[in-house]
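Here are my notes on this model, set out as numbered points. Please read them with the structure open.

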Amino acid sequence: IMEWDTMSGATSYKIYIASAKGVTKLTGAVTNIANPDATPQQGAQTNLKNGTYYIVVTALNANGESAESREVTITITDNP
């Protein structure tokens, strides 16, 4: 599960995941979070295999999609 602070005015979010540094909207596999809760943290569950992944999040509203967040790195070691 991934968590982040919500953005004021956001109506949905997208998570972009890649196996190489420098992930962007153009290079990452996208997961849509269509109906964000009003709480300060959001989550998305995915079945990633063991390895290192690079992730950015964007916020969306009627004006379009934001720039990518700061990239974070995760390493998964307990999924086959």
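1. Long-range contacts. Take the contacts in the protein chain between residues at least 6 apart in sequence: 58% of them join residues at least 24 apart. Keep in mind throughout that this is a predicted model.

2. Overall make-up. The protein chain has zero helices and five strands. Read from the N terminus, the order of elements is β-β-β-β-β. Of the 80 residues, 29% count as buried. The accessible surface of the chain is about 5,400 Å². Carbon and sulfur atoms account for 49% of that surface.

3. Strand β1. This strand covers residues 12-18, and six of its seven residues are buried. It is therefore largely enclosed by the rest of the structure. With β2 (residues 29-33), β1 pairs in the antiparallel sense over five bridges. There, I17 stands opposite A29.

4. β1 against β3. These two strands run antiparallel and are joined by seven bridges. Two pairs are worth finding on screen. S12 has L60 of β3 as its bridge partner. A18 stands opposite Y54, also in β3.

5. Strand β3. Residues 51-61 make up this strand. It is mostly covered, with eight of its 11 residues buried. Besides the pairing with β1, β3 has antiparallel pairings with β4 and β5.

6. β3 with β4. Strand β4 is residues 64-65, and two bridges link it to β3. The two strands form a hairpin, with two residues between them. N61 has G64 of β4 as its bridge partner.

7. β3 with β5. Five bridges join this antiparallel pair. Y53 is one residue to look at: its bridge partner in β5 is I74. Strand β5 itself spans residues 72-76.

8. T52. How exposed is T52, a residue of β3, by relative accessible area? Its value is 33%. That lies between the 20% limit for buried and the 50% limit for exposed, so T52 is partly exposed. Which residues does T52 touch, leaving aside its neighbours within four places in sequence? The contacts are S19, T73, I74 and T75. A20 is 32 residues away from T52 along the chain, yet their C-alpha atoms are separated by 8.4 Å.

9. Largest pocket: size and lining. Its volume is about 170 Å³. M2, E3 and W4 are among the lining residues. So are I55, V56 and V57. S69, R70, V72 and I74 complete the list. Two elements give two or more residues to this lining, namely β3 and β5. Which of the elements gives the most to the lining? It is β3, with three residues.

10. Largest pocket: chemistry. What classes of residue line it? Seven are nonpolar, one is polar and two are charged. E3 and R70 both belong to the lining, and Glu and Arg count as charged. S69 is also in the lining.

11. Points to check together. I74 turns up three times: as the bridge partner of Y53, as a contact of T52 and in the lining of the largest pocket. β3 likewise recurs. It pairs with β1, β4 and β5, and it gives the most to the lining of the largest pocket.

Key: Residues numbered from 1 in each chain as written. Predicted model: local features only at pLDDT ≥ 70, side-chain atom pairs only at ≥ 80, totals over all residues. Heavy atoms only, no water. 1 Å grid on protein atoms, 1.4 Å probe; cavity = no way out; pocket = protein on both sides within 12 Å on 5 of 7 lines; lining within 4 Å. Points joined across faces, edges and corners; volume = space filled by probe spheres on them. Helix = DSSP H or I, 4+ residues; strand = E, 2+ residues; numbered from the N terminus. Buried < 20%, exposed > 50% of the residue type's maximum accessible area, 1.4 Å probe, protein only. Pairing = 2+ DSSP bridges. Contact = heavy atoms within 4.5 Å. Areas by Shrake-Rupley, 256 points an atom, 1.4 Å probe, with all protein chains shown as cover.
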